Amino acid sequence: MTTTPVRVRIAPSPTGYLHVGTARTAVFNWLFARHSGGKFLVRIEDTDAERSKPELIEPILSALTWLGLDWDEEILYQSRRMHLYAESAKKILDTPYGYRCFCSTQQLDEDRKLAQAEKRAPKYNRRCLALSPDEVKRRVDAGEKFVIRLRVPDGDITFDDMVAGAITVKSADIEDLVLARADGSATYNLAVVVDDHTMGVTHIMRGNDHITNTFKQIYLYRALGWDLPKFGHVPLILRPDKKKVSKRLGDKDVNQYEIEGILPEAMLNYLCLLGWSSKTDQEIFLREELVKLFTTENLNASNAVFDEEKLISFNKSHIMRKPDGELADLVAPYFVSAGIVSQEELTKSRDYFVRVVSALKERVRRLSDFVRLGVYFYQFNGTYDAEAEKKQFTPDKAELLRLLADRYEQLPVFTKEAAERCLNALAEERGLSKGALIHPARLAASGMSVGPGLYDMLDILTLPVVVSRLRSAADYIDGRRV
RNA sequence: GGCGGUAUCGUCUAGUGGUUAGGACAAGAGGUUCUCAACCUUUAAACCGGGGUUCAAUUCCCCGUACCGCUACCA
């Protein structure tokens, strides 16, 4: 027996940016497809002409691309398939499951208010289901506007969720949903069913906020005589205030994380561990490892709070594991866009840049931190960290820094080791601790009080730069002293 | 309100009918060190409540509670 190949999809709607909730659903679907050798598809759900913004599609796709979630077939746009949905709506109208509803939105609003006042479920009361065929015909002929509704059958309905197990609901609790609006356009549930069926989607993994829709969609599959896919409802991602992440609440566009210097593999890794577990103590995974390990059995059903601190810690781990060369290429754009150095310059002296990145990588949380912590490898404007300056640039240091510069110049070769020996010797001569010399030297060379080991830093900076910075710091101290 | 889902450290999670309930992030203490990191050691921190079932329940069942979601001619 052959099993049908897995076909899964992510179906964002361009009514806002891609947030971590949708991104995480995409991650699960993508991992599932890649793990099982299936296909990962993208569909844009832009049936709502009012709220859909075409210009939002590109950022959504670029966020997916940034995460490395490549898709296998051409992207489907629902707005271009409206005729298909109309056909299906018509088809359902010919079955006992479809009927026309002439109720106005005002009428429905009133019904709802009344139902609420009487503490009943605000469900459509099926007024138009009672209409005689003649009456319907008369009103249609008279040009009256109508929507097409699905009559939900009686009885209980159950489906076996890949995540939560069997879920049952009474049909009486489900409203006769609108399939086609008064203007003939399809609503979400119809479009989804038609597309998932025609795209051959085998597994629908989506947020558990869609559970109620699933029942409605199952009725639609039945009404249309189509086979059901498997459904799996993954837990929601919550904000620290426990509300589900949403564009409406101003949650971050995933693209923003790229700008902030998060590595896509860190994001993928972190997102995957929200609602899924390898069942081991390992937490840091490379993309390929996740592809190998991911199974839907290990999905859990409880919602998870998104913790940026932990994301950042994942980011650090992934930065640390990345080979220096690759990391340098990823960091380069941050230096360029900050105007620190040009791309040409970076390419020309790539080895230098790689060394800079390597020296900084273990004290960085985000890729953008490299810029803040490493400017002085490219630009130095002679200003010093105010607090450190007060502490380190005491008057006696001017002479010491000059002396150190002189001795460095006299060194046969300027190496890390030589720089260290030389500084140690000077400190000893003067009866000073190493630190008494190291700290001012660091400040002189970088303007900062934090950073890589001094000798690594000096070694990268090269002798002429080091000497000049030591001397100008000495001048600065003298000048300030006046 | 109705319907559905979920419930283990602050957060993400592992796990079990009998365990010192494990790991990670964050927090605290210490070590190492030229700073910051990294690293090492270490501390504190959890089975929502009540009933069952059972020799034994954090684990299985029921109820309650809390939280989340859905409840549109949005998706």
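**Close-up 1. L311, a partly exposed residue of helix α11.** In this predicted model, L311 has 19 C-beta neighbours inside 10 Å, so it counts as partly exposed; being called buried would take 20 or more. You'll find L311 in helix α11. If we skip the neighbours within four places in sequence, L311 is in contact with I262, A266 and Y270. R112 is another story: 199 residues separate L311 from R112 along the chain, and their C-alpha atoms sit 44 Å apart.

**Close-up 2. Helix α9, largely enclosed by the rest of the structure.** Let's turn to α9, which covers residues 264–272. Of its 9 residues, 8 are buried, so the helix is largely enclosed by the rest of the structure. Going along α9, the buried ones are E265, A266, M267, L268, N269, Y270, L271 and C272. Two names here come back from the first view: A266 and Y270 are among the contacts of L311. And what do the buried residues of α9 pack against? Their partners are α1 (20–36), α8 (254–259), α10 (287–293) and α11.

**Close-up 3. Helices α18 and α20 where they cross.** Here α18 (residues 416–429) meets α20 (residues 454–461), with axes that come within 9 Å and cross at roughly 125°. That angle makes α18 oblique to α20. As for handedness, α18 passes α20 in a right-handed crossing. On the α18 side, look for K416, A419 and E420; on the α20 side, they meet Y455, D456, L458 and D459. Sorted by class, this contact has 3 nonpolar and 4 charged residues, and no polar ones.

**Close-up 4. The surface near RNA strand B.** Now for the RNA: 62 residues lie around strand B, and E45, R181, Y188, S302 and G453 come nearest. Several elements give two or more residues to this surface, namely α4 (105–117), β7 (165–170), α7 (211–223), β12 (304–305), α11 (308–321), α19 (434–446) and α20. So which element supplies the largest share of the surface near RNA strand B? That's α19, with 5 residues. By class, the surface near RNA strand B has 22 nonpolar, 19 polar and 21 charged residues. Two of the contributing elements should look familiar by now: α11, the helix that holds L311, and α20, the crossing partner of α18.

Methods. Residues numbered from 1 in each chain as written. Chains lettered and ligands numbered in written order. Predicted model: local features only at pLDDT ≥ 70, side-chain atom pairs only at ≥ 80, totals over all residues. Axes fitted to C-alpha atoms, helices over the stretch in contact; angles between N-to-C directions. Helix = DSSP H or I, 4+ residues; strand = E, 2+ residues; numbered from the N terminus. Parallel < 35°, antiparallel > 145°, perpendicular 65-115°, else oblique. Left-handed = near helix turned anticlockwise from the far one by under 90°. Contact = placed C-beta atoms within 7 Å. Nonpolar A, V, L, I, M, F, W, Y, C, P; charged D, E, K, R; others polar. Near = placed C-beta within 6 Å. Buried ≥ 20, exposed ≤ 12 C-beta atoms within 10 Å, placed from the backbone.
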